[in-house]
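Dear colleague,

Please find below the structure that I would like to hand over to you. The findings follow directly after it.

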There are 2 protein chains.
Amino acid sequence: MKPRRPRVPAAEMPDSCRAVTEILNRIGDKWSINVVRHLGVRKMRFSELRRALDGVSQKMLTTTLRTLERDGFVTRTVHPTIPPRVDYELTRLGYDLLAPVAALGQWAHDNRSRVEEARAAFDRRAGGPVRKAGRRV
Amino acid sequence: MKPRRPRVPAAEMPDSCRAVTEILNRIGDKWSINVVRHLGVRKMRFSELRRALDGVSQKMLTTTLRTLERDGFVTRTVHPTIPPRVDYELTRLGYDLLAPVAALGQWAHDNRSRVEEARAAFDRRAGGPVRKAGRRV
DNA sequence: CGGGATCCCGACGGATACTG
DNA sequence: CAGTATCCGTCGGGATCCCG
């Protein structure tokens with residue numbers, strides 16, 4: 001259990017800022033996080049992942065997995081059988097990433113209702129949701 | 001409310017999955033995380049944030065702050081002075097979110113080089129970075 | 001100073017068809 | 001099964017102008 005720092009010193013922000021922005025641009029897309037989370041449970045093959053993710057297109061799953069592989073988060077193992085079989089598995093780096101990601105996931109799970117309530121309250125006050133914002137699911 | 005588990009069983013993934021996807025769609029945009037991180041240091045006014053974030057447009061900062069306000073992560077305080085002054089501050093929920101976010105930020109900062117090395121190694125093997133659908137740039 | 005209103009573009013990502 | 005190759009719509013988000 002890593003002691004999390006309660007406060008970020010202002011002086012360190014700029015540098016830390018870029019790192020966060022970078023990593024977020026990488027894993028902040030629509031599927032990466034959930035792929036990592038699923039592979040965190042066990043190694044899976046392509047079609048398993050596709051079914052598990054529910055809604056991902058084949059193209060995006062391929063792209064997502066390739067990029068995760070490129071960044072060193074997953075390994076791709078091809079079994080030259082018929083029919084072909086490809087396994088995806090988290091690397092050490094992938095498991096390291098899983099820790100903070102799982103924490104965020106746990107937070108999201110635990111605090112979902114608080115966000116929903118705040119949102120509903122705001123909409124009552126303001127008369128409607130904010131235009132132009134996060135992607136819808 | 002279920003007790004938290006270190007490992008998420010595969011059976012619970014779908015539910016947890018949606019929560020993560022939702023929260024990530026919300027804060028996974030280009031600026032939200034860094035706004036929260038900056039406000040985690042101290043309360044700031046609009047133009048302070050704008051300067052601190054380096055590169056954010058006025059429109060996106062406004063939109064980001066509105067949505068964060070809507071979701072209950074920040075408060076917006078207008079001082080009816082001349083010139084006007086608007087302060088943004090994290091709510092309790094915002095500080096709660098800051099914890100896992102800061103952990104992720106710390107991870108990003110600490111592991112930046114590992115990702116860069118993996119990426120460089122992959123590009124050497126494959127002959128170039130990934131483009132769409134696994135092609136090379 | 002802190003926005004709101006518009007215009008616009010490029011990417012992200014879905015649908016579909018084809019292949020080894 | 002596990003991809004590749006295309007086409008194409010959506011919208012995130014930057015630029016610009018205006019206003020109280």
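**DNA strand C**

Sorted by class, the surface near DNA strand C consists of eight nonpolar, five polar and nine charged residues. Here, near means that a heavy atom of the residue lies within 4 Å of the strand. Ala, Val, Leu, Ile, Met, Phe, Trp, Tyr, Cys and Pro are classed as nonpolar, Asp, Glu, Lys and Arg as charged, and the others, Gly among them, as polar.

Please note that this is a predicted model, in which local features need pLDDT of at least 70 and side-chain atom pairs count only at pLDDT 80 or more, while totals for chains, interfaces and linings use all residues. Residues are numbered from 1 along each chain as its sequence is written, chains are lettered from A and ligands numbered from 1 in the order in which they are written, and side-chain values use heavy atoms, with hydrogens and water left out.

Among the 22 residues around DNA strand C, the nearest are Lys30(A), Lys59(A), Ser47(B), Arg76(B) and Tyr88(B). Of the strand's atoms within 4 Å of the protein, sugar or phosphate makes up 59%, and bases make up the rest. Helix 4 of chain B contributes the most to this surface, with four residues; helices and strands are DSSP runs (H or I, at least four residues, and E, at least two), numbered from the N terminus.

Several polar contacts (pairs of N or O atoms within 3.5 Å; within protein, one must be able to donate a hydrogen and the other to accept it, and residues adjacent in sequence count only if both atoms are side-chain atoms) involve this strand. Phosphate oxygens of DNA strand C lie 2.4 Å from a polar side-chain atom of Ser47(B) and 2.6 Å from one of Lys30(A). A base oxygen of DNA strand C is 3.1 Å from a polar side-chain atom of Gln58(A).

**DNA strand D**

DNA strand D is surrounded by 26 residues, of which Ser47(A), Gln58(A), Arg76(A), Tyr88(A) and Lys59(B) are the closest. Of its atoms that come within 4 Å of the protein, 61% belong to sugar and phosphate. The surface near this strand has 10 nonpolar, five polar and 11 charged residues, and helix 4 of chain A gives the most to it, with four residues.

The side chain of Gln58(A) has an N or O atom 2.8 Å from a base oxygen of DNA strand D. Phosphate oxygens of the strand are 3.0 Å from an N or O atom in the side chain of Arg45(A) and 3.4 Å from a polar side-chain atom of Ser57(B).

**Aromatic pairs between the chains**

Over all chains, the structure has two aromatic pairs. Rings of Phe, Tyr and Trp (its six-membered ring) pair if their centres lie within 6.5 Å; planes under 30 degrees apart count as stacked, over 60 as edge-to-face and the rest as tilted.

Phe73(A) and Trp107(B) form a tilted pair, at 6.2 Å centre to centre and 40° between the planes. Phe73(A) lies in the loop between helix 4 and strand 2 (74-79) of chain A and Trp107(B) in helix 5 (residues 92-126) of chain B, so this pair joins two chains. Both residues are buried (under 20% relative accessible area; exposed is over 50%, partly exposed in between; 1.4 Å probe, protein chains only), with 0% for Phe73(A) and 4% for Trp107(B).

The ring centres of Trp107(A) and Phe73(B) are 6.2 Å apart with planes at 40°, so that pair is tilted. Trp107(A) is buried at 9% relative accessibility, and Phe73(B) is buried at 0%.

With kind regards
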